[in-house]
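Me: I'd like a close look at a single strand and what surrounds it. Could you walk me through that part in one go?

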Amino acid sequence: MPSTFKDRNGYQALAALAVCLALAAGASTPGVATPVPLERIEPSPDLRADYTVYVGGLIVAEGSMSATLEGEDYFLKNELGSAGLPGKFWNARWTMTSEGRIVDDALRPSRFAFSAWEKNETKKREILYDDRGVPTLSFDPPLPEAEIEKTPPDERRNTLDPVSAFLLPVVADGNPCDRSIPVFDGKRRYDLHLVFDREDELTTRDNGYSGVAIRCKVRVQPRTGLDRAKLTTMLQRRDDTFIWLAPVSGGRLYIPVRVQMRTPVGGAVLDVVKLRRYAAKNVSAAATAAE
């Protein structure tokens, strides 16, 4: 197999960085061996963005992001699967959902769920957050205790999951960049540092999005759980990772429409190729088919 298709960590890091930039045992995190509950009924989305991921000029993954925004409540879903030539050698799919509330200019997640299918095996994890921002973890199959303890309880509190990390609320006339976002996915703990770079007129691949977007420089600062030296060095670079954010919900929130970074196997780009905004919660089957 060509080396380009072997380093899947680069693909996963890119996916985690966008949505969706990709889950300690202790008094504050009981129940780590509890089976993950069944999936919940999902609300109809307000918007949906289909995207592709290219590495070294080759398509490696396809996915979608959807958001339901009801007052201060949000529900987010990100789906990603291998595609193109890599998909012939490595068939994998991931689904992540997040729900919670928007409080002022911050998100307060209440639940994050992750499901991965690879090599005919399914793995799941769930994070539930209490009112103090303390997460409770569960894994199916259970995770070894030593793996869980890599991130101590005080590092997990008041963090965001990797999906809600990129629904960026802003105060009126605010800036979606110039912030640090603490992220914990159940296994890995890292900080995303966003710095304003410029305002662009952006058109993504296939005219998926065309309009004003804010470009931010992104630096990922690993804290725990990211042990591979090459991947850690790549994520810590300060000058080669960018994210373009577009306004939604009347400019109160921003979502990613492009992510660009370098990987050990070439330049990587995540582009929104189709963006759909729904006027009503209940979209008829005929209207959906016409999209």
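**Strand β5 and the pocket beside it**

Reply: Let's start with the empty space: the second largest pocket comes out at about 460 Å³ in volume. Keep in mind that this is a predicted model. Four elements each put two or more residues into that pocket's lining: β4, β5, β8 (168-169) and β9 (179-184). The biggest giver is β5, with 5 residues. In total 25 residues line the pocket, and those nearest its centre are A106, L107, R108, P109 and L160. Sorted by class, the lining holds 11 nonpolar residues, 7 polar ones and 7 charged ones.

Now for β5 itself. The strand covers residues 106-118, and 10 of its 13 residues are buried, so the rest of the structure largely encloses it. Buried here means a relative accessible area under 20%. As for side chains, in a regular strand they alternate between the two faces of the sheet.

What does β5 pair with? One partner is β4 (residues 92-103), which runs antiparallel to β5 and is joined to it by 12 bridges. Within that pairing, R101 sits opposite R108 of β5, and R108 is also among the residues nearest the pocket centre. The two strands make a hairpin with 2 residues in between, and D104 in that turn has a positive phi of about 55°.

The other partner to look at is β6 (residues 121-129), again antiparallel to β5, this time over 8 bridges. Here E118 faces E121 of β6. This pair is a hairpin too, with 2 residues between the strands. K119 lies in that loop between β5 and β6, and its phi is near 55°, which is positive even though the residue isn't a glycine. K119 has a relative accessible area of 64%, so it counts as exposed, the cut-off being over 50%.

If you're checking backbone angles anyway, there are a couple of other spots to visit. N207, in the loop between β10 (189-203) and β11 (210-224), also has a positive phi of about 55° without being a glycine. N207 is exposed, with a relative accessible area of 60%. Then there's the peptide bond between D140 and P141, which is cis, with omega at about 0°. P141 is in the loop between β7 (135-140) and α3 (145-148).

Definitions and conventions: Residues numbered from 1 in each chain as written. Predicted model: local features only at pLDDT ≥ 70, side-chain atom pairs only at ≥ 80, totals over all residues. Heavy atoms only, no water. Buried < 20%, exposed > 50% of the residue type's maximum accessible area, 1.4 Å probe, protein only. Pairing = 2+ DSSP bridges. 1 Å grid on protein atoms, 1.4 Å probe; cavity = no way out; pocket = protein on both sides within 12 Å on 5 of 7 lines; lining within 4 Å. Points joined across faces, edges and corners; volume = space filled by probe spheres on them. Nonpolar A, V, L, I, M, F, W, Y, C, P; charged D, E, K, R; others polar.
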